[in-house]
Amino acid sequence: MRTDDSRLHIAIQKSGRLAEQSRRLLRDAGLRLQEGKNALTARIENFPADLMYVRDDDIPTFVADGVCELGIVGSNVLREFELAERDSRYEILSPLGFGRCALKLAAAATSDWHGLADLGEARIATSYPHIVRDFLEQRQIAATVVTMNGAVELAPRLGIAPFICDLVSTGATLEANGLRPLETLFESEAVLVRTRGALDEARQETMNGLVRRIGGVLATKE
Ligand code: PRT
Ligand code: ZN
């Protein structure tokens with residue numbers, strides 16, 4: 001998949017909630033991105049880097065393996081990857097100030113809730129089983145995690161689980177499904193992440209330059 005071994009490879013989400021802002025950040029940092037993004041990779045004409053447009057879930061693997069030296073991904077996805085794969089061959093360089101959300105425990109708005117002790121051995125539906133299990137284990141809670149890949153907010157109504165753990169930004173989805181947030185397990189935002197693998201000198205220089213430019217863009221937004 002690599003197009004040129006002397007260039008930096010940057011993984012960003014192809015389409016979805018982080019795609020547009022990831023592209024905007026790189027543009028603001030001075031990189032000339034072509035408009036079309038149907039290709040899997042795109043060469044940046046005015047900077048020695050290539051973009052890889054991928055599923056957000058694949059970004060941690062690409063960066064940890066060093067296939068891409070840099071990536072932009074939600075810290076929720078990175079954390080789930082780290083716990084699931086026991087792989088931390090990546091380093092977060094900077095939070096990016098977009099894609100903010102929180103992984104929250106929720107249940108029917110009408111249900112009683114006094115605190116985590118109320119979970120008991122109940123079932124919790126989530127797309128983030130490792131983050132949720134880690135949270136439960138640290139608190140010695142015996143609840144059961146049920147993994148769902150989407151439509152988690154339907155789980156209580158379908159009788160799959162009385163509790164869910166899902167990403168929340170505005171809270172509108174919880175509300176529309178008759179649910180209310182109970183606890184926050186993880187606060188997330190998009191982050192700039194690099195591989196821990198050593199880079200040759202030229203690529204390291206390129207990365208330093210880009211990271212500096214991105215830092216400059218972020219500073220103007222504070
Ligand atoms: O196709 P690909 O696999 O790349 O994308 P995806 O569908 O897995 O992810 P996508 O594009 O939905 O989200 C990408 C990243 O955006 C997430 O990993 C988070 O880091 C971040 N993000 C920020 C969110 C939200 N806000 C968010 N609200 N991701 C998902 N949601 C969902 C949530 O799951 C729930 O269904 O939006 C709904 C709730 O939103 P509110 O506003 O109603 O609370
Ligand atoms: Zn995804």
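How many residues of the shell around ligand 1 are nonpolar, how many polar and how many charged? The shell divides into 6 nonpolar, 10 polar and 5 charged residues. Keep in mind that you're looking at a predicted model. Here's a quick tour, starting with the chain as a whole and then coming back to the ligand.

**The whole chain**

- The chain has 7 helices and 11 strands.
- Lay the chain along its principal axes, and its C-alpha atoms fill a box of roughly 60 × 30 × 30 Å.
- Out of the 222 residues in the chain, 33% are buried.
- Take the contacts between residues at least 6 apart in sequence: 69% of them join residues at least 24 apart.

**Around ligand 1**

- Ligand 1 is surrounded by 21 residues, and the closest are G16, G74, C101, T170 and T173.
- Three elements each give two or more residues to this shell: α3 (75-85), β9 (163-168) and α6 (172-176).
- Of the elements, β9 gives the largest share, with 3 residues.
- So where does ligand 1 sit relative to the two domains? Domain 1 (8-99 + 189-221) and domain 2 (101-187) both give residues to the shell, so ligand 1 lies between them.

**Where α3 meets α4**

- Two packed helices are described by the angle between their axes and the distance between the axes.
- Here, the axes of α3 and α4 (residues 129-138) come within 8 Å and cross at roughly 75°.
- An angle of 65 to 115 degrees counts as roughly perpendicular, so that's the label for α3 and α4.
- On the α3 side, the contact is made by R79, E80, L83 and A84, while α4 brings H130, I131 and D134.
- Sorted by type, the residues of this contact are 3 nonpolar, 1 polar and 3 charged.

**Two backbone oddities**

- Most residues other than glycine have a negative phi.
- R86 goes the other way: its phi is near 50°, a positive value, and R86 isn't a glycine.
- You'll find R86 in the loop between α3 and β5 (90-95).
- R86 has 8 other C-beta atoms within 10 Å, and 12 or fewer counts as exposed, so R86 is exposed.
- A151 also has a positive phi, about 50°, although it is not a glycine.
- Look for A151 in the loop between β8 (144-147) and α5 (155-158).
- Is A151 buried, exposed or partly exposed? With 13 other C-beta atoms within 10 Å, A151 is partly exposed.

Notes: Residues are numbered from 1 along each chain as its sequence is written. Chains are lettered from A and ligands numbered from 1 in the order in which they are written. This is a predicted model: local features need pLDDT of at least 70, side-chain atom pairs count only at pLDDT 80 or more; totals for chains, interfaces and linings use all residues. A residue is near a molecule or strand if its C-beta atom, placed from the backbone, lies within 6 Å of it. Helices (H or I, at least four residues) and strands (E, at least two) are DSSP runs, numbered from the N terminus. Ala, Val, Leu, Ile, Met, Phe, Trp, Tyr, Cys and Pro count as nonpolar, Asp, Glu, Lys and Arg as charged, and the others, Gly among them, as polar. Domain bounds come from an automatic or database domain assignment. Axes are lines fitted to C-alpha atoms, for helices over the stretch in contact, and angles run from 0 to 180 degrees between N-to-C directions. Angles under 35 degrees count as roughly parallel, over 145 as roughly antiparallel, 65 to 115 as roughly perpendicular and the rest as oblique. Two residues are in contact if their C-beta atoms, placed from the backbone, lie within 7 Å. A residue is buried if 20 or more other C-beta atoms lie within 10 Å of its own, exposed if 12 or fewer, and partly exposed in between; C-beta atoms are placed from the backbone.
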